[in-house]
Amino acid sequence: MMACTKCFCPPGDNSSSAGQRSFLGFTSFSIGDLLRSKEPHISVSLRTMDGVNEVGEVKVSRLQMEGENGHKTPPEHKCPALCDSLHSSVHDKENSPMMRAVLCAQVCKLYRFQTEDQRWLLVREQLSETPLSFSLPKQLLSALIREHTNRVQDVKELGDLSPHWDGLRHDVINHCSHLIGCYQETLADLDKLSASSCFKSSSSKSDRHLQFVPTNLHSQRMEVTSPDSTGVWYEVITFGAPADHHQAFKHGGLKRLLNKHMNHRDSFVSYSQDESSRARELLASMAQLQPLVFGLAEELLSVSLELNAARLQQVLDGLTQQTEQFVHALKDELVNSALMAIHRQCIANCNSSHVHSNGLLCENSPVSQEGQPWIGHQDVDPCDVEYDEEEWDTAWANVAKSLNCIVVMVDRLQGREDRPQELTSAEQQESTGDTNSHNTASPSCSSSSASSWQEQLLPLVITLRDCVREAVAKARAAMTFVILQGAVAPTVGQGPAQIIQRRHAVLSQALSALVCGFMLKLFGGLEDPVFLQQLLSVGVLAQFESLLSTYGDEVGMLEDMEVGVADLSKVAFTVTEAKTEELDDLLPTLSGTWGSFVVKVPLPPETFRLLPRELKEGRLIRVHPVLFNIGINQQQSLAERFGDSSLQERVNQQSCERLKTYCNALRDRLPETAGIQSLSDLLSSLDRCVEVRKRKNVEVLWIAAMVCRKVNGIRLTSCKSAKDRTAMSVTLEQCVLLRERHTLGRQHFSTALDCMRRSRLSWGQILGCYAQTGLTVSGLEPGDGPSDLQGSWLPVCLAPKAPRRHLYPVAFLLVTSHLLVLWLILSLVILLAKYQ
């Protein structure tokens with residue numbers, strides 16, 4: 001519904017004087033009625049402010065564009081038909097439970113533009129927030145809290161350790177405990193806020209309690225309806241560049257911080273979650289099997305005194321079975337590789353020391369719980385000992401050989417008693433009437449035989465226990481090393497807790513935007529079997545478009561974003577069946593641990609049944625993220641003339657290679673995909689644009705976006721706060737799509753761009769995204785747009801009324817050459833002070 005008020009100004013008075021106006025009344029009408037009306041206007045009654053009396057009539061008209069009532073437009077191409085189809089699509093699709101689970105607080109605007117053949121396009125823009133802005137960060141925080149809590153529990157269960165390894169354990173526990181405390185506090189704050197909001201404005205990007213929430217995350221969708229086709233949707237996810245504004249960028253971003261830590265950290269071995277799980281299982285098996293083997297060995301000695309062959313064989317069979325299980329558990333390549341890693345680390349850190357978080361200064365030489373070296377000999381410097389790769393194989397083989405010796409001895413003892421001279425006479429056997437008397441000698445012979453059996457078995461049993469004990473010691477040391485290093489690598493091995501927290505926060509922001517884009521892409525392609533097969537075969541492409549400059553703090557933001565986007569490659573999606581169509585049951589859920597997160601996207605039961613079998617069985621959908629950055633503001637001009645843009649060049653080059661790899665895999669596995677054959681030319685053009693050194697080469701962004709849309713990828717655009725530069729990019733892209741795919745008239749291109757950018761300005765002021773002063777685009781200079789869009793890149797409607805003139809130091813260079821030297825010296829001093 002739309003409300004309207006009517007005011008009256010007395011004749012002869014200045015109509016601009018608000019104090020002389022008086023309200024006549026008000027009325028209301030439905031936008032749908034206006035759109036469906038056969039006439040270009042509707043008449044509504046104007047009533048007094050108390051709603052009692054009618055005081056007149058108000059005529060509300062739709063926008064009349066040139067040619068609507070002329071003879072050039074056939075009757076079947078008039079706008080009401082388009083309005084009807086659009087109105088039905090809005091109610092049928094946009095109000096579905098699936099869409100409400102991913103979009104909220106929607107704001108829509110309608111436009112009508114003429115095509116080159118004088119027909120009408122009805123364009124519907126939709127700007128939406130998403131509940132995922134808070135939902136995904138909260139789930140990620142909960143998963144990280146569980147992961148770090150389990151890691152603390154794992155290292156605590158290792159028992160007594162040597163001083164060095166106990167110091168590492170304290171490091172891990174303190175590191176994890178700090179993160180757990182911070183994350184629990186942040187999660188509690190988000191629980192309070194998410195009940196009343198699903199949006200983080202750009203003014204709050206530095207708030208500590210909103211560190212994990214993406215800034216200004218929106219879904220910007222455009223539906224184009226023409227007389228010949230139903231609505232076609234184009235989607236772009238916009239959000240502030242995923243970066244940790246709370247910790248700021250004084251020392252750079254994540255890429256620089258991680259590289260600096262990697263250059264100074266101690267050497268360590270990284271083990272995966274699966275390897276750590278195997279190590280825990282092997283420790284549990286040894287803890288269970290070793291007492292059983294020792295107990296059966298003692299029982300074998302006890303039974304040997306009874307001279308009962310059947311009982312002795314029964315105990316031996318049990319000992320053989322348990323020992324074979326023990327040897328089978330030890331024959332794991334992980335044990336051997338861990339022992340070699342221990343030896344290498346011992347040599348690497350032989351002459352170094354480290355102060356752990358418990359205040360203990362100890363040598364970095366791995367030693368056992370008893371204080372002896374894990375590898376090597378007691379009296380020999382471990383740095384001088386060469387590790388024998390067959391030593392571990394010999395250890396568990398000795399267990400099997402010692403068991404075999406016991407089996408042979410028991411067989412020999414039983415065979416000796418079967419000989420006639422060592423048995424009592426047959427008459428004595430018959431007189432006893434005992435069925436087992438054939439194994440029983442006379443009292444004097446029985447005592448001698450029993451003592452002989454135990455004496456011959458005792459050294460073999462002792463040898464077996466010694467071999468088992470040695471193998472257990474080596475395996476326990478190796479598996480302890482695996483578990484401890486598996487905990488050190490993702491914690492203290494990655495740097496201080498502040499760096500890890502920064503990395504987690506950046507991933508949280510990027511992940512929220514990615515999940516929003518994936519869900520919209522999935523919902524739009526549920527009826528496309530080729531798209532669903534593409535998800536199964538090669539995964540989904542996520543193309544991040546960044547407009548950050550390589551100057552000042554935005555260098556740190558780009559470094560944060562580079563790491564965050566790269567971490568998304570370890571995220572996978574899977575589709576599940578929702579229990580009901582309630583909103584809570586349709587929200588995506590996050591599971592897994594760092595490096596192996598899985599996002600489960602639920603679908604209503606009716607929709608889920610139509611999916612391919614592989615998707616219904618839970619096949620993972622891999623993510624292939626790429627990042628392309630072109631700075632377009634005035635700071636980028638300064639960076640390209642006097643600074644360093646190597647970061648941007650490296651990011652674009654690496655992403656270009658990843659994009660080509662994805663497209664080649666798609667072409668190999670699904671050659672029948674529409675438009676796949678035309679990718680070669682686009683990729684070649686992209687490769688050339690990346691290689692060429694051109695100022696603000698936005699052609700890179702446009703070609704990458706075209707490739708992304710051809711392969712059904714997810715488009716995500718961002719700048720510092722997803723306001724000025726992002727709005728300029730999205731509106732320009734939308735108008736280009738209208739022109740290239742829907743034949744928007746070239747003479748109407750600037751008008752469409754003007755309307756859309758004015759809409760962004762009004763939306764931003766309403767939602768609090770933009771400052772009330774409006775968009776500032778003074779950073780965009782003539783010639784910064786693509787070659788075929790020079791006239792429309794910077795429209796007059798959004799240009800500043802009084803462009804600011806910046807007096808750069810280079811202006812002084814025209815005065816005298818001496819100032820050039822002075823300026824260079826000052827610039828060098830400033831740069832050194834900034835990056836110290």
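Thr215 sits in the loop between α5 (163–194) and β7 (218–226); helices (H or I, at least four residues) and strands (E, at least two) are DSSP runs, numbered from the N terminus. This is a predicted model, in which local features need pLDDT of at least 70 and side-chain atom pairs count only at pLDDT 80 or more, while totals for chains, interfaces and linings use all residues. Residues are numbered from 1 along each chain as its sequence is written, and side-chain values use heavy atoms, with hydrogens and water left out.

## Two loop residues

Thr215 counts as buried, at 2% relative accessibility. Here buried means under 20% relative accessible area, exposed over 50%, and partly exposed in between (1.4 Å probe, protein chains only). Leaving aside residues up to four places away in sequence, Thr215 touches Lys200, Ser201, Ser202, Lys205, Phe239 and Gly240, where contact means heavy atoms within 4.5 Å.

Ser721 belongs to another loop, the one between β16 and α23. Ser721 is buried too, with a relative accessible area of 6%. With residues up to four places away in sequence again not counted, Ser721 touches Ser202, Lys205, Asn216 and Gly240. Phe239 is 482 residues from Ser721 along the chain, yet their C-alpha atoms are separated by 6.8 Å.

## The chain as a whole

Stepping back, the protein chain has 25 helices and 16 strands. Of its 836 residues, 50% count as buried. Among contacts in the chain with a separation of 6 or more, 75% are accounted for by residues 24 or more positions apart.

One such long-range pair to look at is Leu458 and Leu301: they are 157 residues apart along the chain, and their C-alpha atoms are separated by 6.9 Å. Leu458 lies in helix α12 (residues 443–488) and is partly exposed, with a relative accessible area of 37%.

## Helices around α20

Two packed helices are described by the angle between their axes and the distance between the axes. The axes are lines fitted to C-alpha atoms, for helices over the stretch in contact, and angles run from 0 to 180 degrees between N-to-C directions.

Helix α15 (residues 553–567) and helix α20 (residues 646–669) have axes that come within 11 Å and cross at roughly 20°. That makes α15 roughly parallel to α20; angles under 35 degrees count as roughly parallel, over 145 as roughly antiparallel, 65 to 115 as roughly perpendicular and the rest as oblique. On the α15 side the contact is made by Val555, Leu558, Glu559 and Glu562, and on the α20 side by Leu647, Arg650, Val651 and Gln654. These residues divide into four nonpolar, one polar and three charged. In this count, Ala, Val, Leu, Ile, Met, Phe, Trp, Tyr, Cys and Pro are nonpolar, Asp, Glu, Lys and Arg are charged, and the others, Gly among them, are polar.

Helix α20 also packs with helix α21 (residues 679–691), at an angle of about 170° and with the axes 10 Å apart. That makes α20 roughly antiparallel to α21. From α20, Asn652, Gln653, Cys656, Leu659, Lys660, Cys663 and Arg667 meet Leu679, Ser680, Leu683, Leu686, Asp687, Val690 and Glu691 of α21. Seven residues of this contact are nonpolar, three polar and four charged.

Helix α19 (residues 634–642) has buried residues at Gln634, Gln636, Ser637 and Ala639, and what covers the buried residues of α19 includes α20.

## Salt bridges

Side chains of opposite charge can pair when their charged atoms come close. The structure holds 27 salt bridges, each a side-chain nitrogen of Lys or Arg within 4 Å of a carboxyl oxygen of Asp or Glu. Some of them are listed here.

| Salt bridge | Closest N to O | Burial |
|---|---|---|
| Arg725 and Glu554 | 2.9 Å | both buried |
| Glu733 and Arg715 | 2.6 Å | both buried |
| Glu617 and Arg613 | 3.2 Å | both exposed |

For the pair with its N and O atoms 2.9 Å apart, Arg725 lies in helix α23 (residues 724–742) and Glu554 in helix α15, so the pair ties together parts that are 171 residues apart in sequence. Glu733 lies in helix α23 and Arg715 in strand β16 (residues 714–718), so this pair ties together parts that are 18 residues apart in sequence. Both residues of that pair also belong to a network of salt bridges that links Glu545, Arg709, Arg715 and Glu733.
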